[in-house]
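Welcome, and thanks for taking a look at this one with us. Please open the sequence and the model side by side, and then follow the points below.

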Amino acid sequence: MGKELSIAILAIAVVGLLHSTAAMETHVVGDKIGWVVPPGGQYAYASWAAVHHFAVGDLLVFNFTNGDQDVARVTREAFDNCNSTDPITLETTSPANFTLNTTGEYYFIGTKDKHCELGQKLAINVTAEHGSPAPSPAPRGPVTYVVGDQLGWLVPGDEQAYAAWAYFKTFIVGDTLVFHFVNGTQDDVALVTKPAYENCTTNSTIAVYTNSPVNILLNTSGEHFFISTYDRHCLLGQKLAINVTSRTAQPPSGSIAPSSPTTHGTSGPGAAHAPFSSAPSRISSGYFTFLFIAVAAFFY
């Protein structure tokens with residue numbers, strides 16, 4: 001009886017260990033590019049993060065050239081201002097590994113001269129576990145979002161610039177989008193269909209706004225797409241897709257697409273691409289071999 005009970009306890013422990021370990025993933029920051037001053041500027045690592053799902057227990061790996069680069073975990077304020085004077089942690093030897101042991105936002109920068117300002121910075125959001133639903137957003141009043149922030153609405157240096165800008169934002173009914181551009185310099189804002197957005201088709205628009213600033217009240221839920229209609233602007237990255245949720249809905253979790261607006265300055269869009277996991281599982285064949293031997297030992 002005692003032996004059977006011990007086997008049952010071991011089996012339960014093994015299943016639980018397998019479940020928790022299988023959920024852990026290793027994310028190599030920047031993949032093959034590694035941790036460098038990126039060619040895509042400040043949006044490069046935001047674009048990388050947009051296609052990953054980070055959960056408690058996961059591991060971030062920063063690969064860089066020792067002496068030329070480093071990585072610091074910092075506060076949000078330090079991240080926004082590229083302030084490296086008082087980091088939470090600083091790693092100067094590659095590879096630098098960070099275990100994501102709590103939920104919430106994590107911020108990383110390079111502290112070498114101007115590296116952060118040139119785009120060597122990463123912000124991620126960590127959830128409780130892989131596959132867990134996103135928590136309901138806290139009640140809040142209407143928010144005004146300036147598209148692109150200081151960048152404004154223009155042809156960006158990276159094709160994923162506006163997807164990265166929208167990534168950490170949740171848009172709800174009642175919020176406002178503001179597009180800033182220089183009037184008379186071949187810029188406008190057009191609300192288009194999903195096919196027009198994907199193909200950068202500029203001759204089939206729902207609405208076109210030509211005078212900056214363009215204020216768009218998000219008064220309906222649903223998905224919406226914006227582009228510039230000027231030659232090659234959309235193809236070069238001047239495009240934005242967001243999803244607007246109701247006040248009681250969960251934050252957006254899928255890909256984006258838009259509904260149609262009514263009049264100039266009313267109607268619009270919502271949130272960016274949701275992250276998904278593309279990192280390999282950390283369970284190895286050797287680990288399974290160890291478990292097999294441990295179980296077999298109980299029978300002999």
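**Strands, disulfides and cores**

Strands β11 and β14 run antiparallel and are joined by four bridges. Please keep in mind that this is a predicted model. The structure also holds two disulfides, and its largest nonpolar core has 21 residues. A good place to spend some time is strand β16, where seven of the seven residues are buried.

**The sheet around β11**

- Within the β11 and β14 pairing, Phe 179 has Val 214 of β14 as its bridge partner.
- Three strands make up an open sheet here, ordered β9-β11-β14, with mixed pairing.
- β9 and β14 are the edge strands, and each has a single partner strand, so one side of each is left without a neighbour in the sheet.
- From one strand to the next, the twist averages 20°.

**Strand β16 and its partners**

- Strand β16 covers residues 239-245, and because seven of the seven are buried, the strand is largely enclosed by the rest of the structure.
- In a regular strand the side chains alternate between the two faces of the sheet.
- In β16, one direction is taken by Lys 239, Ala 241, Asn 243 and Thr 245, while Leu 240, Ile 242 and Val 244 point the other way, and all are buried.
- Which strands pair with β16, and in which sense? Strand β10 (residues 171-172) runs parallel to β16 and is joined to it by two bridges, whereas strand β15 (residues 222-227) runs antiparallel to β16 with six bridges.
- On the β10 side, Phe 171 stands opposite Val 244 of β16.
- On the β15 side, Phe 226 stands opposite Leu 240 of β16.

**Pairings of β4**

- Strand β4 (residues 71-74) runs antiparallel to β5, with three bridges between them.
- Val 71 has Glu 91 in β5 as its bridge partner.
- β4 also pairs with β7 over three bridges, in the antiparallel sense.
- Ala 72 has Ile 109 in β7 as its bridge partner.

**Two nonpolar cores**

- Which residues have the most contacts inside the largest nonpolar core? They are Phe 171, Leu 177, Phe 179 and Leu 240, in a core of 21 residues.
- The elements giving two or more residues to this core are α4, β11 (176-179), β12 (189-192), β13, β14 (214-217) and β16.
- Another core, of 18 residues, lies apart from it, and its members include Val 29, Trp 48, Tyr 106 and Phe 108.

**The two disulfides**

- A disulfide is a covalent bond between the sulfur atoms of two cysteines.
- With bonded cysteines counted along the chain, the disulfides of the protein chain follow the pattern 1-2, 3-4.
- Cys 82 and Cys 116 make one disulfide, with 2.1 Å between their sulfur atoms. The angle about the S-S bond is -75°, and the link of Cys 82 and Cys 116 is left-handed.
- Cys 82 is found in the loop between α3 (76-81) and β5 (89-91), and Cys 116 in the loop between β7 (104-109) and β8 (121-127), so the pair ties together parts that are 34 residues apart in sequence.
- Cys 82 counts as buried at 17% relative accessibility, and Cys 116 counts as buried at 3%.
- Cys 200 and Cys 234 also form a disulfide, with their sulfur atoms 2.1 Å apart. The link of Cys 200 and Cys 234 is left-handed, with -70° about the S-S bond.
- Cys 200 sits in the loop between α5 (194-199) and β13 (207-209), and Cys 234 in the loop between β15 and β16, so this pair ties together parts that are 34 residues apart in sequence.
- Cys 200 counts as buried at 14% relative accessibility, and Cys 234 is buried with a relative accessible area of 2%.

**Pro 156 in its loop**

- Pro 156 belongs to the loop between β9 (144-146) and α4 (161-166).
- Is Pro 156 buried or exposed? Pro 156 has 9% relative accessibility and therefore counts as buried, the cut-off being under 20%.
- Beyond its neighbours within four places in sequence, Pro 156 is in contact with Leu 151, Ala 161, Tyr 162, Leu 236, Gly 237 and Gln 238.
- Pro 156 and Gln 238 are 82 residues apart in sequence, while in space they are 6.5 Å apart, C-alpha to C-alpha.

Note on methods. Residues are numbered from 1 along each chain as its sequence is written. This is a predicted model: local features need pLDDT of at least 70, side-chain atom pairs count only at pLDDT 80 or more; totals for chains, interfaces and linings use all residues. Side-chain values use heavy atoms; hydrogens and water are left out. Buried means under 20% relative accessible area, exposed over 50%, partly exposed in between (1.4 Å probe, protein chains only). Two strands pair if DSSP finds at least two bridges between them. Contact means heavy atoms within 4.5 Å. A disulfide is a pair of cysteine sulfur atoms within 2.5 Å. A nonpolar core is a set of buried Ala, Val, Leu, Ile, Met, Phe, Trp, Tyr and Cys residues joined through side-chain atoms within 4.5 Å. Axes are lines fitted to C-alpha atoms, for helices over the stretch in contact, and angles run from 0 to 180 degrees between N-to-C directions.
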